[in-house]
Amino acid sequence: MRPLDAEHTLRAVRIGDGAALARAYTSNRSHLAPWDPLRPAEFFTEAWQENHSRLSVEEAAAGRSARFVIVSGDGEIRGRMNLNNIVRGAFWSADLGYWIDATRLRRGLASKAVAQVMAYAAEELHLHRVQAATLVHNTGSQRVLLGNGFAQIGMAPRYLRIAGEWQDHLLFQRVLGEA
């Protein structure tokens, strides 16, 4: 992957990222709370995040997901980009999810990182389609998706349990090779 800007790079999650991920999630806990499912206390620990890093590496090797971190020049993790639920067969699709550190918002990091992940999905994974869902009121994320060639394809009532409540989401997709 290429640098996102002079300070940030996107790279695959790797074993050993647990401590940095725990710091990133802990420092962004209140920032992410309105957009995430409820998290148990152990989610924010180095041990939980290191286990998740190991599982992410295993799932990437098996072709089930591709998970990335945005790393700043000081080595700290400033965001995540994930291609989850990679399906082959007749579908050749994945789900995109991401977040950016509260101190790094409105710098274009999400847009640049989504662009790199989409290139990876097309060129390395040879996916046909990537889909994403946003909370109805998450206009920032919707702008990132639309700016990266995604099209809104619908609305899913009570789609995901976020912040402890079943919430409506707007659905987006990008058919690769068409945007």
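## A tour from loop to sheet to rings

Begin by selecting His126, which sits in the loop that runs between helix H4 (109-123) and strand S5 (129-135). The model you have open is a predicted one, and in it His126 has a positive phi of about 55 degrees although it is not a glycine. Most residues other than glycine have a negative phi. His126 counts as exposed because its relative accessibility is 53%, and the cut-off for exposed is over 50%.

Select Ala163 next, in the loop between strand S6 (151-162) and strand S7 (165-175). Ala163 is not a glycine either, and its phi is positive at about 55 degrees; with a relative accessibility of 33%, Ala163 counts as partly exposed.

Now colour the strands on either side of that loop, S6 and S7, which run antiparallel and are joined by eight bridges. Within this pairing, Ala151 stands opposite Gln173 in S7. Widening the selection brings in an open sheet of seven strands with mixed pairing, in the order S1-S2-S3-S4-S5-S7-S6. Strand S1 (8-12) and S6 stand at the edges with a single partner strand each, so one side of each has no neighbour in the sheet. On average, and with direction ignored, neighbouring strands of this sheet are turned by 25 degrees against each other. If you add helix H5 (residues 139-147), you will find it lying across strand S4 (93-100), S5, S6 and S7, and running at about 160 degrees to S5.

Move along the sheet to strand S2 (residues 66-72), where seven of the seven residues are buried, so the strand is largely enclosed by the rest of the structure. Both faces of S2 are covered, with Ala66, Phe68, Ile70 and Ser72 buried on one side and Arg67, Val69 and Val71 buried on the other. S1 is joined to S2 by five bridges in an antiparallel arrangement, and here Ala12 stands opposite Phe68. S2 also pairs with S3 in the antiparallel sense, over six bridges, with Arg80 in S3 as the bridge partner of Val69. The two strands S2 and S3 form a hairpin with four residues between them, and Gly75 in the turn has a positive phi of about 85 degrees.

Stay in strand S3 (residues 77-87) and select Leu83, which counts as buried at 0% relative accessibility. Leaving aside neighbours within four places in sequence, Leu83 is in contact with several residues, including Ser65, Ala94, Val117 and Val130.

Finish with the aromatic rings, among which there are five pairs. The rings of Tyr25 and Phe43 have centres 4.8 Å apart and planes at 70 degrees, so this pair is edge-to-face, and both residues, Tyr25 and Phe43, are buried. The rings of Phe68 and Tyr120 are also edge-to-face, because their planes stand at 80 degrees, with centres 5.3 Å apart. Since Phe68 lies in strand S2 and Tyr120 in helix H4, the pair ties together parts that are 52 residues apart in sequence. Phe68 is buried, with a relative accessible area of 4%, whereas Tyr120 counts as partly exposed at 26% relative accessibility.

For a last view, select Tyr25, Phe43, Phe44, Trp48 and Trp99 together, which ring pairs link into a cluster. The charged end of Arg29 sits over the ring of Phe44, 3.7 Å from its centre, and the charged end of Arg39 sits over the ring of Phe43, 4.3 Å from its centre.

How values were computed: Residues numbered from 1 in each chain as written. Predicted model: local features only at pLDDT ≥ 70, side-chain atom pairs only at ≥ 80, totals over all residues. Heavy atoms only, no water. Buried < 20%, exposed > 50% of the residue type's maximum accessible area, 1.4 Å probe, protein only. Contact = heavy atoms within 4.5 Å. Pairing = 2+ DSSP bridges. Axes fitted to C-alpha atoms, helices over the stretch in contact; angles between N-to-C directions. Phe/Tyr/Trp six-rings, centres within 6.5 Å; stacked < 30°, edge-to-face > 60°. Lys NZ or Arg CZ within 6 Å of the ring centre and 35° of its normal.
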